[in-house]
Amino acid sequence: MNTLKLTNLSKTYPNGVKALDAISLTITDGMFGLLGPNGAGKSSLMRTISALQEPSSGSLQFNDIDILKNPQQLRQQLGYLPQEFGVYPRFSAYKLLDHIAILKGVLNRGERKDQVEALLQQTNLYDHRKKWVHNFSGGMKQRFGIAQALLGDPKLIIVDEPTAGLDPEERNRFHNLLSDIASSKVVILSTHIVEDVHDLCTQMAILQEGKIITKGIPLDLVKEKEGTIWSAIIPKDELDEYQNRYTVISTQLLAGKTQIHVFAESKPSPMFEIIQTSLEDLYFTSLYTNNK
């Protein structure tokens, strides 16, 4: 069992921006979802865990590695797919993956060939192995990104906003790929897309303004909010009035009108109907109540 432990982790940049504020988490094997809006500090946290930047305070431990004291030792067990994944031009998928494998220390030619071919098969890119990676579609590039992250059999894998911009078919293919690799590794999925966490993660945390505001098992967290989410269809031009009167956590256009979800301990008014709480409702409720 692999374990990543973050204790009172904080990061303040030279311009005074506090990106991370006393974050404490313990993450074990499986898929862990880090959910939060853009600017919440997710990428700062991923870069800190990956030893790409040092925290201002706190500690980081992966198994028996003190990440702050031994960043290189951590990097040898790390696979990282950043939010912006660039590739060399005029490199085929096979040659580029082979080159990255050498950089990661896989020096034995036979071992490297076996790893590269197996990962191209696993990511469904083997038939495209001779094509230039910079000509790949967005989804294919993301799958190639996972292939390079898996080189060297890392025990800690971080993927930062991996499905942003993917079409539904590629997103589903990517989900299946992540699910396949998560059983014996710590996989951290950083995203602002609620469905990604719902579909994949057995543990999660919600990050806002650099702080963890909610953490736990997604289904358990959703159950805690059962009976508190209400829905109504209202005229679009009356939205401001409802937002002033009720705790409106989300809105959605529906057949020319507006459907609102409201957080309340009891029925707000006769026009509202109780609905089954979703992970999205939990997410928006957590963000709203934390801002109060």
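**Reading a Predicted Structure: A Dialogue**

Mentor: Ser-44 lies in helix α1, which covers residues 42-49. Please keep in mind that this is a predicted model.

Trainee: Is Ser-44 buried or exposed?

Mentor: A residue counts as buried when its relative accessible area is under 20%. Ser-44 has a relative accessible area of 12%, so this residue is buried.

Trainee: With which side chain does the side chain of Ser-44 make a polar contact?

Mentor: The partner is the side chain of Tyr-13, at 2.8 Å. Tyr-13 also appears among the residues in contact with Ser-44 once the neighbours within four places in sequence are left aside; Ala-19, Leu-20 and Gln-53 complete that list.

Trainee: Let us turn to the rings. How many aromatic pairs does the structure hold?

Mentor: There are 3 aromatic pairs. In one of them, the ring centres of Tyr-283 and Phe-284 are 5.4 Å apart and the planes stand at 45°, so this pair is described as tilted. Burial must be read for each residue separately: Tyr-283 is buried, with a relative accessible area of 5%, whereas Phe-284 is partly exposed at 27% relative accessibility.

Trainee: Which residues form an aromatic cluster?

Mentor: Tyr-242, Tyr-246 and Phe-272 form one such cluster. Tyr-242 has a further role in our reading, as the charged end of Arg-245 sits over its ring, 5.7 Å from the centre. A similar arrangement may be found at Tyr-126, where the charged end of Arg-129 sits over the ring, 4.0 Å from the centre.

Trainee: I should now like to read a sheet. In what order do the 6 strands of the open sheet stand?

Mentor: The order is β6-β7-β8-β3-β9-β10, and the pairing is mixed. At the edges stand β6 (78-81) and β10 (211-216); each has a single partner strand, so one side of each is left without a neighbour in the sheet. From one strand to the next, the twist averages 15°.

Trainee: How many bridges join strand β7 to strand β8?

Mentor: Strand β7 (residues 156-160) and strand β8 (residues 186-191) are joined by 5 bridges, and the two strands run parallel. To place one residue in this part of the sheet, note that Ile-157 stands opposite Val-187 in β8.

Trainee: Which helix lies across β6 and β7?

Mentor: Helix α5, residues 138-150, lies across these two strands and runs at about 165° to β6.

Trainee: What should a student know about the backbone angle phi?

Mentor: Most residues other than glycine have a negative phi. A positive value is therefore worth noting. Asn-8, in strand β1 (residues 3-12), has a phi near 50°. Asp-153, in the loop between α5 and β7, has a phi near 55°. Asn-8 counts as partly exposed, at 44% relative accessibility, and Asp-153 likewise counts as partly exposed, at 44%.

Trainee: Finally, how many helices and strands does the protein chain have?

Mentor: The protein chain has 10 helices and 14 strands. Its C-alpha trace spans about 70 × 45 × 35 Å along the principal axes. Of its 292 residues, 47% count as buried.

Trainee: What share of the contacts with a separation of 6 or more comes from residues 24 or more positions apart?

Mentor: Such residues account for 69% of those contacts in the protein chain.

Methods
Residues are numbered from 1 along each chain as its sequence is written. This is a predicted model: local features need pLDDT of at least 70, side-chain atom pairs count only at pLDDT 80 or more; totals for chains, interfaces and linings use all residues. Side-chain values use heavy atoms; hydrogens and water are left out. Helices (H or I, at least four residues) and strands (E, at least two) are DSSP runs, numbered from the N terminus. Buried means under 20% relative accessible area, exposed over 50%, partly exposed in between (1.4 Å probe, protein chains only). A polar contact is a pair of N or O atoms within 3.5 Å; within protein, one must be able to donate a hydrogen and the other to accept it, and residues adjacent in sequence count only if both atoms are side-chain atoms. Contact means heavy atoms within 4.5 Å. Rings of Phe, Tyr and Trp (its six-membered ring) pair if their centres lie within 6.5 Å; planes under 30 degrees apart count as stacked, over 60 as edge-to-face and the rest as tilted. A charge sits over a ring if NZ of Lys or CZ of Arg is within 6 Å of the ring centre and within 35 degrees of the ring normal. Two strands pair if DSSP finds at least two bridges between them. Axes are lines fitted to C-alpha atoms, for helices over the stretch in contact, and angles run from 0 to 180 degrees between N-to-C directions.
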